[in-house]
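User: Hi! I'm new to reading protein models and would like to go through this one step by step. Could you show it to me first?

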Amino acid sequence: MADIVLKDVSKSYGAVSVLEKVNMHIRSGEFIVFLGPSGCGKSTLLRMIAGLEAVNEGEIHIGDRRVDQLPPNQRGVAMVFQNYALYPHMSVRQNMSFGLENIGTDKAEIARRVDEAARMLEIGPLLDRRPAQLSGGQRQRVAIGRAIVREPEAFLLDEPLSNLDAGLRVRTRVELAQLHQRIGTTMIFVTHDQTEAMTLASRIVVMNNRRIEQIGTPMEVYSRPASRFVAGFVGSPAMNFLPVRALAENGGKAIVNVGGAVVTTAIAGASLPAGRDGLTFGIRPEALRVAADGEIRGRVVLVERLGDRTLVHAGLEDGSVVVAEDIGKSTLEAGMAVALKVDAGAGHLFDADGVAYHAD
């Protein structure tokens, strides 16, 4: 295993810039997730590490080697694609062993690696079947097994679960997390699904518009987003954003007028930008709860009953609509008046450029 380091990596197609000055240090054994919307450059970045896309500027290092000028088969990585890419006329065993046979690996060693990978992935009984005889989840495990037998320094996975149905995605996600725990090899996983990122990653690389917005653990990204984009992209339901109508201070803490109510935050007023214009207040639904003594008043627009909790969509006096939480046995209905209590320590402020300010 080895660290992967990217230094000022850029990519463009003619005059179209795809990635700009990307810097990153992935530690050996980490499970890194590239997360972002379609078109943000995350798959391109993965393919550049794999050697499937050329680097226009910058350097890529794997361990003590600079690899951005090396062909894919000399980089020590293995790629798992979204569409499995299995040979339909070969058995599972043949699909898993084909790459090793091509580089002249000893037959006994090939058999050992294939059997070990099949044991880890619980596909031993499937080794003599062909891909057409497998389910989608089984095919994806074979594709992962084909990568495992190469014993690479890193696994690169490009949206490997997106072709699976919802239930199978959950089960395969668990299997993938357990596999990483067993083998401990560096994994880089590309997805636009923030649930996959939150549940799998050691650290998440949030990408947007050709650049990295934030790198952090799942809870760092969730609790202390670096920008309004990260705050809105990570979390389901998404964070509520309310325009700040007025701003004051009390005891050094920022007091904001949002949604027709005055809310005391835990954010230091001195940390805010000097101009203080164009501020937005952000609060997650679980930090905005239905309570009789709530500061923010509104009227219920929609109720989503999820069993253990209820999501309440409420229209506020200033025309804003927010999502708040209530107990699972909530009696609220559309059209009813509602009061919402803000968790002062969980609020965020964003300036006009989307930069985040948090409580200390």
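**Pockets, helices and strands**

Analyst: Sure. Keep in mind that this is a predicted model. To start with the lining of the largest pocket, its residues split into 17 nonpolar, 6 polar and 3 charged ones.

User: Which element gives the largest share of the lining of the largest pocket?

Analyst: That pocket holds about 720 Å³ of space. It has 26 lining residues, and those closest to its centre are Asn-73, Val-77, Ala-78, Gly-99 and Arg-150. The elements that put two or more residues into this lining are β6, α2 and α4. The largest share, 6 residues, belongs to α2.

User: And the second largest pocket, which element gives the most to its lining?

Analyst: This one has a volume of about 160 Å³. Its lining divides into 5 nonpolar, 2 polar and 4 charged residues. Elements that supply two or more of them are α3, α4 and α5. With 6 residues, the one that gives the most is α5.

User: Glu-122 is in that lining too. Is Glu-122 buried or exposed?

Analyst: Glu-122 sits in the loop between α3 and α4. Its phi is positive, about 60°, although it is not a glycine. For the label we need a cut-off: a residue is exposed when its relative accessible area is over 50%. Glu-122 has 63%, so it is exposed.

User: What is phi in Asp-8?

Analyst: Asp-8 belongs to strand β1, residues 4–13. Its relative accessibility is 36%, so it counts as partly exposed. Most residues other than glycine have a negative phi. Asp-8 has a positive one, near 50°.

User: Why is helix α1 largely enclosed by the rest of the structure?

Analyst: Helix α1 covers residues 42–50. Its buried residues are Lys-42, Thr-44, Leu-45, Leu-46, Met-48, Ile-49 and Ala-50. Just after the helix, Gly-51 takes a positive phi of about 95°. The helix is largely enclosed because the buried residues number 7 of the 9.

User: Which residue shares a polar contact of 2.8 Å with the side chain of His-61?

Analyst: His-61 is part of strand β4, residues 57–62, and at 17% relative accessibility it counts as buried. Leaving aside residues up to four places away in sequence, it touches Asp-3, Ile-4, Val-5, Lys-7 and Arg-66. The polar contact of 2.8 Å runs from its side chain to that of Glu-59.

User: There's also an open sheet of 4 strands. Which strands stand at the edges?

Analyst: The strand order is β11-β15-β21-β22, and the pairing is antiparallel. A strand at the edge has a single partner, so one side of it is left without a neighbour in the sheet. The edge strands are β11 and β22.

User: What is the bridge partner of Phe-281 in β21?

Analyst: Strands β15 (residues 280–283) and β21 (residues 348–350) pair in the antiparallel sense over 3 bridges. The partner of Phe-281 in β21 is Leu-349.

User: Last one: what is omega for the peptide bond between Ser-236 and Pro-237?

Analyst: Pro-237 lies in the loop between α8 and β11. Most peptide bonds are trans. The bond joining Ser-236 and Pro-237 is cis, and its omega is about 0°.

Notes. Residues are numbered from 1 along each chain as its sequence is written. This is a predicted model: local features need pLDDT of at least 70, side-chain atom pairs count only at pLDDT 80 or more; totals for chains, interfaces and linings use all residues. Side-chain values use heavy atoms; hydrogens and water are left out. Buried means under 20% relative accessible area, exposed over 50%, partly exposed in between (1.4 Å probe, protein chains only). Two strands pair if DSSP finds at least two bridges between them. A polar contact is a pair of N or O atoms within 3.5 Å; within protein, one must be able to donate a hydrogen and the other to accept it, and residues adjacent in sequence count only if both atoms are side-chain atoms. Contact means heavy atoms within 4.5 Å. On a 1 Å grid over the protein atoms alone, a cavity is a set of points where a 1.4 Å probe fits but cannot get out, and a pocket is an open set with protein on both sides within 12 Å along at least five of seven lines; lining residues have an atom within 4 Å of a point. Grid points are joined across faces, edges and corners, and a volume is the space filled by probe spheres set on the points. Ala, Val, Leu, Ile, Met, Phe, Trp, Tyr, Cys and Pro count as nonpolar, Asp, Glu, Lys and Arg as charged, and the others, Gly among them, as polar.
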